[in-house]
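Me: I would like to go through this model with you and ask, term by term, what each label rests on. Please set the values against the cut-offs as you answer.

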Amino acid sequence: MQIIPLIEINNRKIQNFERLEKLTEDNLLYVIDLDGIDKDESNLDIYQKLSKKYQLWIDAAPRKLGDVVDIFMAGATNITLRKTFYPQVNLEKIREVTENKIYENIEIYNQTVLFDDFFFEEVDGLINFYSKKEIEEDFKKYDVIKNFSTKNKIHIYENNKKNIEYWNKFNPEGFLVDISKYWEFKQI
């Protein structure tokens with residue numbers, strides 16, 4: 001099972017930058033770019049610098065094909081799409097320009113899943129940022145994640161080691177863990 005360290009970029013700054021020094025080169029690093037998600041201002045220059053030392057999985061909420069291409073050109077090996085920001089995503093066109101891995105963030109609003117089975121079958125895997133509490137309180141979320149996890153690779157964001165046993169019933173491919181907790185989780 002993969003344990004992937006997660007960092008945030010916010011206001012053009014890498015959060016917990018000092019912890020990156022402890023990672024080995026070529027480590028896969030999940031980067032949540034809040035500037036990209038919140039302001040549609042991806043930090044391509046920071047990705048380029050990070051990609052010299054790490055493999056990057058970028059979550060910056062690209063809005064169009066050009067954004068996706070820019071993120072891959074800046075050094076990403078994997079990318080996470082968010083349907084709320086890119087509702088007209090055309091995976092076929094993305095696949096024409098890259099062979100890199102494409103993941104989808106699981107998004108459920110008003111009891112509706114924001115992507116259909118066809119889209120789900122075309123991505124390389126899914127990302128779940130819903131907490132254990134949110135899943136336990138909402139049967140729809142539980143059912144969706146359970147159903148998708150039986151058909152596709154799923155990575156789950158978690159920062160409490162005690163919850164790993166709960167998530168194992170979803171057969172995760174791996175966990176995304178804040179870099180401050182990474183070494184604690186690596187001991188699992």
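Me: Where in the chain is Asn 11 placed?

Reply: Asn 11 sits in the loop between strand E1 (2-10) and strand E2 (13-14), where helices (H or I, at least four residues) and strands (E, at least two) are DSSP runs numbered from the N terminus. This is a predicted model, in which local features need pLDDT of at least 70 and side-chain atom pairs count only at pLDDT 80 or more, while totals for chains, interfaces and linings use all residues. Residues are numbered from 1 along each chain as its sequence is written, and side-chain values use heavy atoms, with hydrogens and water left out.

Me: What makes the phi of Asn 11 worth a remark?

Reply: The phi of Asn 11 is positive, about 55°, although the residue is not a glycine. Asn 171 is also a residue other than glycine with a positive phi, in this case near 50°, and its place is the loop between helix H9 (164-167) and strand E11 (174-178).

Me: Why is Asn 171 called exposed?

Reply: Asn 171 has a relative accessible area of 58%, and the rule calls a residue exposed over 50%, buried under 20% and partly exposed in between (1.4 Å probe, protein chains only). The value for Asn 171 is therefore on the exposed side of the cut-off. Asn 10, which belongs to strand E1, has 28% and is therefore partly exposed.

Me: What is Asn 10 in contact with, leaving aside its neighbours within four places in sequence?

Reply: With those neighbours left aside, Asn 10 touches Gln 15, Leu 34 and Asp 35, contact being heavy atoms within 4.5 Å.

Me: How do you know that the pair Arg 12 and Asp 45 is a salt bridge?

Reply: The N to O distance between the side chains of Arg 12 and Asp 45 is 2.6 Å, and the definition asks for a side-chain nitrogen of Lys or Arg within 4 Å of a carboxyl oxygen of Asp or Glu, so the pair qualifies. Arg 12 is in the loop between E1 and E2 and Asp 45 in helix H3, so this salt bridge ties together parts that are 33 residues apart in sequence. At 48% relative accessibility Arg 12 counts as partly exposed, and Asp 45 is partly exposed as well, with 30%.

Me: How many salt bridges does this rule give?

Reply: The count comes to 8. Among them is the pair Asp 35 and Lys 39, at 3.4 Å from N to O; these two are 4 residues apart in helix H2 (residues 34-39), which means a separation of about one helical turn. Asp 35, at 2% relative accessibility, counts as buried, whereas Lys 39, with 40%, is partly exposed. Another salt bridge joins Arg 95 and Asp 124 at 3.2 Å, linking helix H5 (residues 91-97) to the loop between helix H6 (117-122) and strand E9 (125-128), 29 residues apart.

Me: Why are the buried residues of H3 said to line one face of the helix?

Reply: In helix H3 (residues 44-51) the buried residues are Ile 46, Tyr 47 and Leu 50. Seen down the axis of H3 they fall within an arc of 100°, so they line one face; the arc is that of the directions from the helix axis to the C-beta atoms. The elements covering these residues include E1, E2, strand E3 (28-33), strand E4 (55-59) and helix H4 (65-73).

Me: What makes E4 mostly covered?

Reply: In E4, 4 of its 5 residues are buried. E4 runs parallel to E3, joined by 5 bridges, and it pairs in the parallel sense with strand E5 (residues 76-81) over 3 bridges; since strands pair if DSSP finds at least two bridges between them, both counts meet the rule. Tyr 30 stands opposite Trp 57 in E4, and Ile 58 stands opposite Ile 79 in E5.

Me: Why is the protein called as compact as a globular protein of that length?

Reply: The protein has 10 helices and 11 strands. Its radius of gyration is 16 Å, close to the 16 Å that the globule rule gives for 188 residues, so the description follows; the radius is taken over C-alpha atoms, and the rule is 2.2 Å times the number of residues to the power 0.38. Buried residues make up 48% of the 188 residues.
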